[in-house]
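Here's a quick tour of one chain, going from its overall dimensions down to what packs inside. Have a look at the model first.

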Amino acid sequence: MEIRENVLLKDFAWWKIGGPADFFCLPESVDHIREALQFAQARGLSITVLGGGTNVLISDAGVEGLVICMRKLTGLEQEDGDGRIHIKAMCGTPKSELTKIFLKR
């Protein structure tokens with residue numbers, strides 16, 4: 001997994017504002033998250049988790065430490081049983097995908 005330096009966060013925020021992250025990554029698996037956490041721990045970096053970037057305002061001064069953007073961690077598992085829907089959703093799954101399942105029911 002690639003961890004980049006000085007990445008402008010405005011490109012990952014809905015409002016298109018935000019300065020650079022000291023370090024930034026876009027994990028695509030749980031193993032990638034583990035790698036990112038080990039990277040930060042080995043360097044004594046603080047960690048900031050960024051989801052889809054829709055409910056956040058990011059300072060133009062940027063964010064110190066490592067920013068882990070979860071938007072590539074998507075996926076759903078749906079199981080029907082006992083008159084209920086059981087859903088497992090990865091953290092980057094858009095709410096709209098969950099809403100579609102509920103609307104179909």
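In this predicted model, the chain has a radius of gyration of 16 Å, whereas a compact globule of 105 residues would sit near 13 Å. Put the C-alpha atoms in a box along the principal axes and you get roughly 50 × 30 × 15 Å. Here are some whole-chain numbers:

| Property of the chain | Value |
|---|---|
| Accessible surface | about 7,100 Å² |
| Share of that surface from carbon and sulfur atoms | 50% |
| Buried share of the 105 residues | 30% |
| Distance between the mean positions of the 13 positive and 14 negative charges | 6 Å |

As for the fold, there are two helices and six strands, and they run β-β-α-β-β-β-β-α along the sequence. Take the contacts between residues at least 6 apart in sequence: 43% of them join residues at least 24 apart.

Now for the inside. Which residues make up the largest nonpolar core? It's a set of 12: Val7, Leu9, Phe12, Ala13, Ala21, Phe24, Leu26, Leu50, Ile58, Val63, Val67 and Cys69. Two elements, β2 (20–25) and β4 (63–69), give two or more residues each, and β4 gives the most, with three.

Ile58 is a handy core member to zoom in on. Skipping neighbours within four places in sequence, Ile58 touches Leu9, Ala13, Leu50 and Val63, along with Ile17, Gly18 and Gly19.

There's also a second core, separate from that one, with 10 residues; Phe23, Cys25, Ile33 and Ile68 are among them.

How values were computed
Residues numbered from 1 in each chain as written. Predicted model: local features only at pLDDT ≥ 70, side-chain atom pairs only at ≥ 80, totals over all residues. Heavy atoms only, no water. Core = buried A, V, L, I, M, F, W, Y, C linked by side-chain atoms within 4.5 Å. Buried < 20%, exposed > 50% of the residue type's maximum accessible area, 1.4 Å probe, protein only. Helix = DSSP H or I, 4+ residues; strand = E, 2+ residues; numbered from the N terminus. Contact = heavy atoms within 4.5 Å. Rg over C-alpha atoms; globule rule 2.2 N^0.38 Å. Areas by Shrake-Rupley, 256 points an atom, 1.4 Å probe, with all protein chains shown as cover. Lys, Arg positive; Asp, Glu negative; His and termini not counted. Charge placed at Lys NZ, Arg CZ, Asp CG, Glu CD.
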